[in-house]
Amino acid sequence: MDEMNEQATDFKELSVGDTVTGKVVKVEDKQALVDIGYKVEGILPISELSSLHVERAADAVSEGEELTLKVKKVDDEEVVLSKRAVTAELAWEDLEAKFESGEVFEAEVKEVVKGGLVVDVGLRGFIPASLVETYFVEEFEDYKGKPLTLKVVELDREQNRVILSHRAVAEEEEASKKQDVLDSLEAGQVIDGTVQRLTDFGVFVSIGGGIDGLVHISQLSHEHVEKASDVVTEGQEIKVKVLSVDKDSERISLSLKETLPGPWENISDRAQAGDVLEGEVKRLVSFGAFVEVFPGVEGLVHISQIANRHIGTPQEVLEPGQKVQVKVLDVNESEKRMSLSIKELEQDENNAVIKEYEKEEEHSGFQLGDILGDKLNKYKQ
């Protein structure tokens, strides 16, 4: 009798808002029954299982499961319980702490809805489409069932509003990677990059961490370049040398030219003393003319080696842009110097002509200086 009185007293003390614990004794399609030690089993409706949509009660609870619940309604014949209310209360406290600290956490995408994604964070958390990624996403179906790293960007208990962002996390990660790359860069390094964009003045190259460096058009090749597209294409993987780094403005100057063999490298394999080459007069100076015989390789024709006659200035014989044949006198790869001659080439040609004449004289019996009439008279006799 005393035990029954105690139970009756306990029953009267159970009221709306109380938090109770119990064990799930039966799971039906749209509700679960929970033993909370009351005279009747508590009813846990499907609508009170989760802040998200649940098709069947069995999707959220199972028989034998221990639950902490909040009393939503109580009378002598019925007790209505809520799992969602307990979860929500804990979730609000947790989310408020995360919002204050800026903590990054992970949650699974449960639904794809118009305008964004829904995740379960103990509450219905919403990720607007604009806060999913740092780039435009056209189709969101692939996100369903996948975890995302998130930050809380807006909370409103009265409106039951929880706004989350994966974009904020991605932007912080990108900023961190960018800083790591900037900190690691030093002038003189040779690094890998990908050609991102071609312009009239050069090429932007991605070098990681969301950072692009500029290869000025003058740094694309040892040769003169009219258009960047003559040297590289978008998407091409290249090696570049770091020329300078401005970490404050995030401006990186790069060079492709500096990673390529120089025009003077192994020049002795292409030009040796005595070789005859064709070149273009590039510059005229008081002491001679500079002639480009290979791209980026200029040799000097000293004024004394320009013509067989005495000249006062190179301009008397040559002009910039003129194509000329030259003879290599000397090559010094280490000092990047080459001596050339136009005069010797002309002398060689004159000597060749004289030798040809001498051969003809020997064959005909004539000698240079013979009087043709005397020679003919001799033959007539």
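The protein chain holds five helices and 20 strands, as seen in a predicted model. Its length is 381 residues, and 35% of them count as buried. The accessible surface adds up to about 23300 Å², with carbon and sulfur atoms accounting for 45% of that area. As for how the chain folds back on itself, take the contacts between residues at least 6 apart in sequence: 56% of these join residues at least 24 apart.

Some of the strands come together as a barrel. Five of them close the ring, running in the order β16-β17-β18-β20-β19, and their pairing is mixed. Going from one strand to the next, the twist averages 50°. In general, the strands of a sheet pair through backbone hydrogen bonds, and they can do so in parallel or antiparallel fashion. For β16 (residues 276–285) and β17 (residues 288–294), the sense is antiparallel, and five bridges link the two strands. Within this part of the barrel, L284 sits opposite A289 of β17.

Then there is the matter of pockets. The largest pocket has a volume of about 380 Å³. It is lined by 17 residues, and those closest to its centre are S51, W92, L123, R124 and N160. Helix and strand both take part in this lining: α2 (83–101), β8 (124–128) and β10 (161–165) each supply at least two residues. The largest share comes from α2, which gives five residues to the lining of the largest pocket.

Methods. Residues numbered from 1 in each chain as written. Predicted model: local features only at pLDDT ≥ 70, side-chain atom pairs only at ≥ 80, totals over all residues. Heavy atoms only, no water. Helix = DSSP H or I, 4+ residues; strand = E, 2+ residues; numbered from the N terminus. Buried < 20%, exposed > 50% of the residue type's maximum accessible area, 1.4 Å probe, protein only. Contact = heavy atoms within 4.5 Å. Areas by Shrake-Rupley, 256 points an atom, 1.4 Å probe, with all protein chains shown as cover. Pairing = 2+ DSSP bridges. Axes fitted to C-alpha atoms, helices over the stretch in contact; angles between N-to-C directions. 1 Å grid on protein atoms, 1.4 Å probe; cavity = no way out; pocket = protein on both sides within 12 Å on 5 of 7 lines; lining within 4 Å. Points joined across faces, edges and corners; volume = space filled by probe spheres on them.
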